[in-house]
Amino acid sequence: MSLYQYSAPAAFYPVAGLLAPWFAWAAALCAIAGLWIGFGIAPTDFQQGEAYRIIFIHVPAAWMSMFIYVVMAFWSIVALAFNTRLSAMMAQALAPTGAWMTFIALWTGALWGRPTWGTYWAWDARMTSELILLFLYFGVVALRNAIDDPRRADRACAVLTIVGAVNIPIIYFSVQWWNTLHQGASVSLTAAPRMASIMLTAMLVMTFAAWFYSIAVALVRVRAIILERERGSAWVAGLPRLQRA
Amino acid sequence: MEFLAMGGYGFYVWGAYGVAALAIVVEAWSVRARARAAEKLAAATPSEDRGR
């Protein structure tokens, strides 16, 4: 019994199906709790008024947008190094969710920026590099759709993903490296957070919601991808659910 | 009503939360549809045809 046996699509498929609903429920519960804290308990910000409540989705979505890319790059490296099918499928399953998270981060950022900074958009380093992240996700999805042979598409997408990973530290450090309109981090791994603890709590609970949601959606999507690509094989034909269909 | 007004920032707050919620609903719905389509496709594919 080893964890490595789950690197086979046939072994991972039922596990993903078992786990996905639990992550979906965890996401829903965290979202309800986070929204309750964020709107019901957290007080009005003395500088930004109620507009600051946008950060409860903006920051989790922005974190997810970068983190999903890092995970995608990790699976791409594994896929290239060991030529394993499931790792490439995992990378494939993460790209659309990463794109959605990036879109949400950009959209909510614009709607927060207008009342707070006086503009929806500026070509500053943080926003521009986050926009490039969105285009990278689009590029990975488009590249896969352009290549008919899935195994060749795996390799091409893996290379593009790994090269594009250079953008992630640029996004992360952009507020330090350049003089940006976007403010520096209020919450970082190395220093005490510079925000009220109840606001921080709402943001962290929403971050867990974003995590669980992304995992749930990626698991359902990777199951679809496994079926799309492994159909015709004996184990897929033997799935009880398909024989009933 | 006061809650919906968000101290004058209602358009920005609900515009942000509304579109984010819509994005999540659309993604969740489309991934579900893809999973169902994949099951149908797999069920319709004969076992000896090793198409990927």
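Student: How many residue pairs does the rule find in polar contact across the interface of chain A and chain B?

Tutor: Seven, with both residues of each pair at pLDDT 80 or more. That confidence limit applies because this is a predicted model.

Student: How many salt bridges does the rule find across the interface of chain A and chain B?

Tutor: Two. One salt bridge joins the side chains of Glu27(B) and Arg221(A).

Student: What makes the meeting of Glu27(B) and Arg221(A) a salt bridge?

Tutor: Take the partners, then the distance. The rule asks for a side-chain nitrogen of Lys or Arg and a carboxyl oxygen of Asp or Glu, within 4 Å. Here Arg221(A) meets Glu27(B) at 2.9 Å, N to O. The pair therefore qualifies.

Student: Which helices of chain A each supply at least two residues of the side that touches chain B?

Tutor: H1, H2, H3, H7, H8 (234-237) and H9 (240-244). H3(A) gives the most, with 12 residues.

Student: How do the residues of that side of chain A divide by class?

Tutor: Into 27 nonpolar, seven polar and 10 charged.

Student: How many residues of each chain are in contact?

Tutor: 44 residues of chain A and 34 residues of chain B. Contact is the right word because heavy atoms of the two sides come within 4.5 Å.

Student: What area is buried between the two chains?

Tutor: About 3400 Å². Carbon and sulfur atoms give 68% of that area. The size of an interface is often given in this way, as the accessible area lost when the parts come together.

Student: How much space lies in the largest pocket, and which residues are closest to its centre?

Tutor: About 1400 Å³. The closest of its 46 lining residues are Val59(A), Trp63(A), Ala185(A), Ser186(A) and Val187(A). H2(A) gives the most to the lining, with eight residues.

Student: What classes make up the lining of the largest pocket?

Tutor: 30 nonpolar, 12 polar and four charged residues.

Student: How much space lies in the second largest pocket?

Tutor: About 1100 Å³. Of its 39 lining residues, the closest to the centre are Ala24(A), Tyr213(A), Ala216(A), Val217(A) and Ala28(B).

Student: How do you know that helices of both chains line the second largest pocket?

Tutor: Look at who supplies at least two residues. In chain A they are H1 (9-41), H2, H3 and H7. In chain B it is helix H2 (10-44). By class, this lining has 33 nonpolar, one polar and five charged residues.

Student: How many cavities of 30 Å³ or more does the structure hold?

Tutor: Three. The largest has about 60 Å³ of space. The second largest has about 50 Å³.

Student: Why is the largest cavity called a cavity and not a pocket?

Tutor: The test is escape. A 1.4 Å probe fits in a cavity but cannot get out, whereas a pocket is open. The space of about 60 Å³ is closed to that probe, so it is a cavity.

Student: What makes two residues of the lining of the largest cavity count as charged?

Tutor: Asp, Glu, Lys and Arg are the charged types. The lining includes Arg144(A) and Asp154(A), so these two count as charged. Six nonpolar and three polar residues complete the lining. H5(A) gives the most to it, with four residues.

Student: Which residues line the second largest cavity?

Tutor: Ala79(A), Leu80(A), Asn83(A), Thr84(A), Ala88(A), Arg151(A), Asp154(A) and Arg155(A). Ala79(A), Ala88(A) and Asp154(A) also line the largest cavity. H5(A) gives the most here, with three residues.

Student: How do the residues of the lining of the second largest cavity divide?

Tutor: Three are nonpolar, two polar and three charged. Arg151(A), Asp154(A) and Arg155(A) are in the lining, and they count as charged because Arg and Asp belong to that class.

Notes: Residues are numbered from 1 along each chain as its sequence is written. Chains are lettered from A and ligands numbered from 1 in the order in which they are written. This is a predicted model: local features need pLDDT of at least 70, side-chain atom pairs count only at pLDDT 80 or more; totals for chains, interfaces and linings use all residues. Side-chain values use heavy atoms; hydrogens and water are left out. On a 1 Å grid over the protein atoms alone, a cavity is a set of points where a 1.4 Å probe fits but cannot get out, and a pocket is an open set with protein on both sides within 12 Å along at least five of seven lines; lining residues have an atom within 4 Å of a point. Grid points are joined across faces, edges and corners, and a volume is the space filled by probe spheres set on the points. Buried area is the accessible area (1.4 Å probe) that two parts lose on being put together, summed over both. A polar contact is a pair of N or O atoms within 3.5 Å; within protein, one must be able to donate a hydrogen and the other to accept it, and residues adjacent in sequence count only if both atoms are side-chain atoms.
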